[in-house]
Structure formats: C-alpha cells, structure tokens
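Colleague: I'm new to this one and would love a close look at a single part of it. Could you pick one spot and then walk me outward from there, at an easy pace?

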Amino acid sequence: MATLLLSIVSFFYTSIYSLQFQNSSGATINVSSFQGKKILLVNIATGSSRVSQLDGLRQLQQQHGDSLVIIAFPSNSFGNEPRTDAEIAQFCQSTYNSNFIIAAKGSVQGAGIQSIYHWLANQSENGDTNLAINADFQKVLIAKDGSIQAVFSPKVLPMDADITEAIAINY
C-alpha cells in the first residue's frame, strides 16, 4: 500500500528527465539522454574566486565518466560571469581542458531562471526541496532515478570525499 501511495504521489511531480536545456553551442540537450547515470549540476562563473574548481570538475568527469554526467551552468546571477557562451566554452577548454557539458549562460535564480534550476527551486516540481542557489559553484547531485541525492556547498571541492563517496553510492 505504501509503495502504491508513493507511486501516486510521485506521479504529480515533474521528472528531471522531462527537461531540456541549451548547451553553449546552442544545441538542445534532453536530460532524458542521461537516464541511468548520476548527474552533477554546477552553476559556474569564470570570474569567480572559485574558478579553479573547473579543474576538479574535469578530474571528476575523467574519473567517473562511465557513470556520471557533469553539466556546468554558467551564470551571472552573482555578478561573476561577464563572458559570452562562446568565450566561456573557450576559456573552460583552453584553461582547464574541460571534458564536461557546458550549458548556455543563464540565470540560476530569480527572473529568467533556467528550467533545471526552476525544477531544483520548487518542491512542487522535484518532490524533495525548495533549493536556493546562494553562490557560484554550488553543486547538486542527481541520483540515477532522477531524484536529488545531495547538495554541496560552493566551498566543497569537486574531488572532495563527500562528493566522490556520494557518486559511488549505487542508487
């Protein structure tokens, strides 16, 4: 009975797999193409004091590439992203040899919020929490089933044991 009730309740939430976003080249990416893998969502800014975390994201993607998708969402929501989409992609590639997906620049809070961050911010859509993004390089780990597994402070480095252990948990 409890399983049936949980299924009925979760029916009313929006699946992250129904969402899509634009990458930095303008192509539409369907999140459904990542089903069965964990997804690490990170709002980035190339002018942030935490920009060196891009190297850690590259290492994390390289280490867990078969089971993890990292999506970087450039944002000027905190005043640290002056570059255009093309400049951001070039910077990430030339400076950090990035190997993760870079979304088109957009807002992660307030007016014009990107669809994935709107989903994260609304418990009525994600079924879990009303997540507030408070700074650049906040990280959200999505479990293989599409639920929010963990949220990491911008201070937590990508290769920190808290993140790598959460990725290793098999759900």
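Modeller: Let's begin at Ser107, which is in contact with Ser75, Ser77, Gly112, Ile113 and Gln114 once its neighbours within four places in sequence are left aside. Please keep in mind that this is a predicted model. You will find Ser107 in the loop between strand S5 (101–102) and helix H4 (115–121). Is Ser107 buried or exposed? Its relative accessible area is 15%, and the cut-off for buried is under 20%, so Ser107 counts as buried.

Now look at the side chain itself. Two polar partners can be picked out: the side chain of Ser77, joined to that of Ser107 by a polar contact of 3.4 Å, and the backbone oxygen of Gln109, which the side chain of Ser107 reaches at 2.3 Å.

Ser75, one of the contacts of Ser107, also leads us onward, since Ser75 is in contact with Ile44 too. Not counting neighbours within four places, Ile44 touches further residues, among them Leu54, Leu57, Ala72, Phe73, Cys92 and Phe137. Ile44 belongs to the largest nonpolar core, a group of 24 residues, where it is listed with Leu40, Leu54, Leu57 and Leu141 as having the most contacts inside the core. Two or more residues of this core come from each of strand S3 (38–44), helix H2 (53–64), strand S4 (68–74), helix H3 (85–96), strand S7 (148–152) and helix H6 (161–168). The largest share, four residues, is given by H3. There is also a second, separate core; it has 23 residues, including Phe21, Val31, Phe34 and Ile39.

Since H3 gives the largest share of the first core, let's follow that helix. Its twelve residues should span 16 Å at 1.5 Å a residue, and the C-alpha atoms at its ends are indeed 16 Å apart, so the two values agree. Ile88, Phe91, Cys92 and Tyr96 are the residues to find here, for they are buried. Seen down the helix axis, the buried residues of H3 fall within an arc of 95°, and therefore they line one face of the helix. That buried side packs against S3, H2, S4 and S5, while the face turned away from it carries Ala86 and Ser94, which are exposed. Just after H3 comes Asn97, with a positive phi near 50°.

Asp85 is also part of H3. At 24% relative accessibility, Asp85 is partly exposed. Leaving out residues up to four places away in sequence, Asp85 touches Ser24, Ala104 and Lys105. For a sense of scale, the C-alpha atoms of Asp85 and Ala132 are separated by 24 Å, with their positions 47 residues apart along the chain.

The contact with Ser24 takes us to another loop, the one between strand S1 (20–22) and strand S2 (28–30). Ser24 is buried, at 18% relative accessibility. Besides Asp85, Ser24 touches Ala89, Ile102, Ala103 and Ala104, again without residues up to four places away.

Let's turn next to H6, another contributor to the largest core. In this helix Ile163, Thr164, Ala166 and Ile167 are buried. They cover an arc of only 160° around the axis, so they sit on the same side of H6. The buried residues of H6 are covered by elements that include S3, H2, S4, strand S6 (139–142) and S7. On the other side of the helix, Glu165 and Ala168 are exposed. At the N-terminal end, Asp160 acts as a cap for H6, with a side-chain oxygen 2.8 Å from the backbone nitrogen of Asp162.

Our last stop is helix H2, where Arg58 and Asp55 lie three residues apart, about one turn of the helix. Side chains of opposite charge can pair when their charged atoms come close. Here the side chains of Arg58 and Asp55 meet in a salt bridge, at 2.8 Å from N to O. How many salt bridges does the count come to? The count is one. Arg58 is buried, with a relative accessible area of 18%, whereas Asp55, at 26%, is partly exposed.

Definitions and conventions:
Residues are numbered from 1 along each chain as its sequence is written. This is a predicted model: local features need pLDDT of at least 70, side-chain atom pairs count only at pLDDT 80 or more; totals for chains, interfaces and linings use all residues. Side-chain values use heavy atoms; hydrogens and water are left out. A nonpolar core is a set of buried Ala, Val, Leu, Ile, Met, Phe, Trp, Tyr and Cys residues joined through side-chain atoms within 4.5 Å. Buried means under 20% relative accessible area, exposed over 50%, partly exposed in between (1.4 Å probe, protein chains only). Contact means heavy atoms within 4.5 Å. The arc is that of the directions from the helix axis to the C-beta atoms. A polar contact is a pair of N or O atoms within 3.5 Å; within protein, one must be able to donate a hydrogen and the other to accept it, and residues adjacent in sequence count only if both atoms are side-chain atoms. A salt bridge is a side-chain nitrogen of Lys or Arg within 4 Å of a carboxyl oxygen of Asp or Glu. The expected span of a helix is 1.5 Å times one less than its number of residues.
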